[in-house]
Structures are given as C-alpha cells and as structure tokens.
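Here is a friendly walk through a protein model, meant to be read with the structure open beside you. We will look at its nonpolar cores and then at two backbone oddities.

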Amino acid sequence: MKFTDLTESDILRAKEIYFDKSKSWDERMTLLMNLFGKSERTVRKWCSQKLGFKERVEIEPEILTIAKKREHDQSKKIFLITSAQNATKVHKQLLTNMESYAEFLDAEILVIPFRYKNPTSVFTRDQETDDWWDSSITDYLTLNRHDLNNRISVLSDVKIQPTATAPLQGLEGMTGDHSCVVGHPRLELKTVPVMDTSKPKIMFTTGAVTKQNYTDSKAGKKGEFHHTFGFAIVEIKDDETFFFRQVSANDRTGEFIDLFYGVKDGVVSEEKNVEAIALGDIHVRHCDPKVTEITFNNIFPKLQPKKVFIHDIIDSESISHHNLKDPFVQHELELEGRNDLAREIDEMIEWLKPLESYDTYIVRSNHDEHIDRFLNETDWRKMGTFKNAIPYMEYSLAKLNGKAKNGVIPYIINQHYPKMKCLGYDDNISVKGYLMSNHGHLGASGSRGSINQFSRLATKTVTGHSHTIGRVGGAVSVGTSTYLKLRYVKGASTWVQAHGIVNRLGKFQHIVFFQTKDGLEYTTLK
C-alpha cells in the first residue's frame, strides 16, 4: 500500500489504533504494520510526519502551578489540613463546617490535592478532562512543603495513591526529626523511634474533604471502605512545640467534634462530655504525676467522660517475675523500699480514688497478671524478702476460697471500690462501635497482639499495652501515662504520653501530651 492509497476510513482506523492506550505501544505498532503492510520504521514516519499523529502533551493546570508555590500564612497558629481528589465534588457540609471552625479558631485551611483515574466516575461524564478540582477548594490547594515550625512539616509535595493500604510506609526518614502530615483519604497514624523521648516523631494522615470516587476493582473498593471524611488539626504553640489531632466527620452530615468543640451546619458549639476515655497505661508506681494532674484536673472537668477505661493499673514492680530473676534489681528495690507489694497495692488504691464517682472499667492487663504469677510460681519460704509473706498468704487464700476468680487485682479493687467494673479477658464492652475491653497484649488464637492484627478484626478496637499511639484502619492504640524513660527502656523509643476519647458521633481522637516551656500540655484551645 502506498501512502496516497490510504482512504479516509484507513486514516480513522489508524488514528484509533495509535491512541488506544489500553494496548501497549508494541501491540499498537503491530496492528498498524498489518493495516499499512509496511515496516515499523515506515509506519512511524507515516503516523508522525504525514498524518500528524502525536501524543498529547500534558500541560499542568494553572491551579496546580499556583498550588506548588503556595506559602502558608505564618501569622496563623492553627491549621486544618485535609486532602481532595481530582474530578470529584467536595462534601459541601463538611467544607462549610471546616470553614466555620477555621474562622472560629482564626485558623488556615490547607487542602492537599491528589489524582486518581476512575473511568467510570459520575463526576466526569460532562467534562472534557478529569484534571480539575472543585472550585470551592481551589483557593486552599497546596502542593508545597510547609514547615509549620521546627518540629512538624506538611508533606503536600508527596503524592500517594488514595488506594494505598499503608500510606505512611517508606516516609519515616523523609523529614529527619520532624513529625509530618501526609495528605491521604485514609486515617492512619504511627510513631517513629527516637533517642530523645521529649521530642517524639509522629506521622499521620489527613482524611479527605471530597466524596468517595473509586473504581469497582478490589483496590478501589478497599479505598472506598477506608475513605474518611475529615482533616488533621495542627496547633503551633512556639517554634519547638506543636499539638495535633485527627478529626473525622459524620459521613452524611459533615458534622464533627474536636476535643470540646462540635461543629454542625456551620455552627460551633461546646461539647459537654465524651462517651468514653481510655487512659494511657497507668503503671501506678511509674505514672507521671503531671499526666495524672492534667487528666483529673483539666481533661475530666472539661470532657466529663461517661465511661473511663484503665489499662495496666499496676506495674507489679515489687514482685514481677522479670525483677525476681535479677539479683541486682532486687538489691536496688530493697534499698529503695520498692519491693513491698502491700505498699504498691496501697499506691494503686490511692490513685484510683478520684475515679470512684465515674463509671470506671479496669481492663484486664498483662501487668495485673504478675501478681497471680507471683502466687503461682513462688515458694513463700524461699522469698528474697519476707515483707511480702502476709500479702502472699492473704491473696492465696482469696484464690483458694474462690473470691479472686477474675484475678487478684480485680479482687483487691472491688474490695475498696465495689462499683468499679473489673473486666475479664472474654468481656466485650463496646462504646459507639469500639471494643474497649481489650488491653492489646493477647492476639488471636494465643498469638501476641498487635495493632496490625487488630485492624483485621470484625470490630473497631481501642487498645493499650504498646505505650505508643497508632491508628491502622479501625484499630487504634493509646499511649502511656508513665514517664517516658524507665529502667527497662533502652535506646530509641516510640513511647508517647497519650489518652484516647470516643465522642458521641462514634469517632475516636487521641489526646497527646507534649512537654512545653509551660509544663505538660495537649492543646492551645481554651
């Protein structure tokens, strides 16, 4: 076939093949060679030079060019950060509520745009291109990296597919010792080990302000399932201190609650209570009194939790099997009087007193078990100190008489506080869809528990045990209420002092404490 012999039908067919992106380049060349009856070299020449077939050159939309140069307002001290998908409508009620909250707090809104190709999208049927963003958020778009202070960065310049199942993976070292915010519709949170525990490194995602718009593939359906309407809030106290929270909204109404403020229909109001609070692991003997003070004298009066969940109420340092194996630790405990079980029990009972008026649940935890193990494995006649002989006999008799079927710690607590609910391993206490009665040390079928394993359960969970905060899918973990450096914590650590709350919308939020020049704090909000 000569070029002059090509019919209009041949040219149209050639054009169709040339631009068919569903086929590889080699497949398209083979079809064109068969159509023209010519070599690949001749086919390339005919298509590019004579027929003018050329690949469309992608031109970056002006709004993205502007977004790459955007600087945040350095006069602002609070930022509401979310993400938005291309060619997708925003959740109007959520955006309205965010704008109202931003005005209330004198905050700036930052929206991190991302692309996702969905050929079946209902939002692109009447559009020539899918390279657009809802006009209501274009003024908030940013693709620049923002260092909000010396401790936290917003990674607006990092593009992550919305269907990514682990959006934070691989970014751990990208910001040095800065914590970072990543734009993604899935709410995730993790801590990175640091040597200086006073400056934790925390990574977290934002949620999204745009509607769900995914393909009907497996990855698309998983992305749709984990799609969370919401945003991250970052408060800047000074050059070295920030506070943060993840805020998730009601899917239908866009209503959300952040600590003690709720926003609905564009109106900000005060929240008087929360459904539940899970305190970071207590370990009374090592509990930081600053955490106790701010919890009982600030957080509880402001949030008035309807239910309180306590993890690892006692450390059991005095009789722990870990310590009994080490004669040098035993010597240290003896010199300091810390190997007295009765004294440690008294400390626990005293610490619990402010919770007597609350609906309090003691979650069965691994450190509680240390006392039961001490009774089971120790010959009282061969104990290193006889100061624990009487408690040994008293609690052994309680077990023999069937009074401590749920463990020694529940028995002791209920003697002093009969209204407190001391849970067993098979108790299932849920609040607004969150299972609150799992400490986190036991996994499925006798395995060791982990947040990744709990994320695969059929229910959402709030656990303790790890002494660090995390969020994977529907599984969240609270931190610790102890000091961040204990005798057995060596090297880099992910420990964070933090609690967790469940609000009336059934949304979970961490309360993370940071040491500031003014003491221990968790927010700048009043």
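The largest nonpolar core holds 78 residues, and those touching the most other members are Tyr-101, Ile-313, Ile-345, Met-348, Trp-351, Leu-352 and Ile-413. Such a core is a set of buried Ala, Val, Leu, Ile, Met, Phe, Trp, Tyr and Cys residues joined through side-chain atoms within 4.5 Å; buried means under 20% relative accessible area, with a 1.4 Å probe and protein chains only. Leaving out residues up to four places away in sequence, Ile-413 touches Ile-313, Met-348, Ile-349, Leu-352, Ile-362, Met-420 and Cys-422, where contact means heavy atoms within 4.5 Å. Among the members of a second, separate core of 22 residues are Ile-112, Leu-148, Val-234 and Ala-498. In soluble globular proteins, nonpolar side chains tend to be buried together.

Please keep in mind that this is a predicted model, in which local features need pLDDT of at least 70 and side-chain atom pairs count only at pLDDT 80 or more, while totals for chains, interfaces and linings use all residues. Residues are numbered from 1 along each chain as its sequence is written, and side-chain values use heavy atoms, without hydrogens and water.

Now for the backbone. Two histidines have a positive phi, a value flagged here in residues other than glycine. The loops are placed between strands (E, at least two residues) and helices (H or I, at least four), taken as DSSP runs numbered from the N terminus.

| Residue | Phi | Loop between | Relative accessible area |
|---|---|---|---|
| His-283 | near 45° | β13 (276-278) and α7 (289-303) | 1%, buried |
| His-467 | about 65° | β19 (460-463) and β20 (470-472) | 5%, buried |

Key
Buried means under 20% relative accessible area, exposed over 50%, partly exposed in between (1.4 Å probe, protein chains only).
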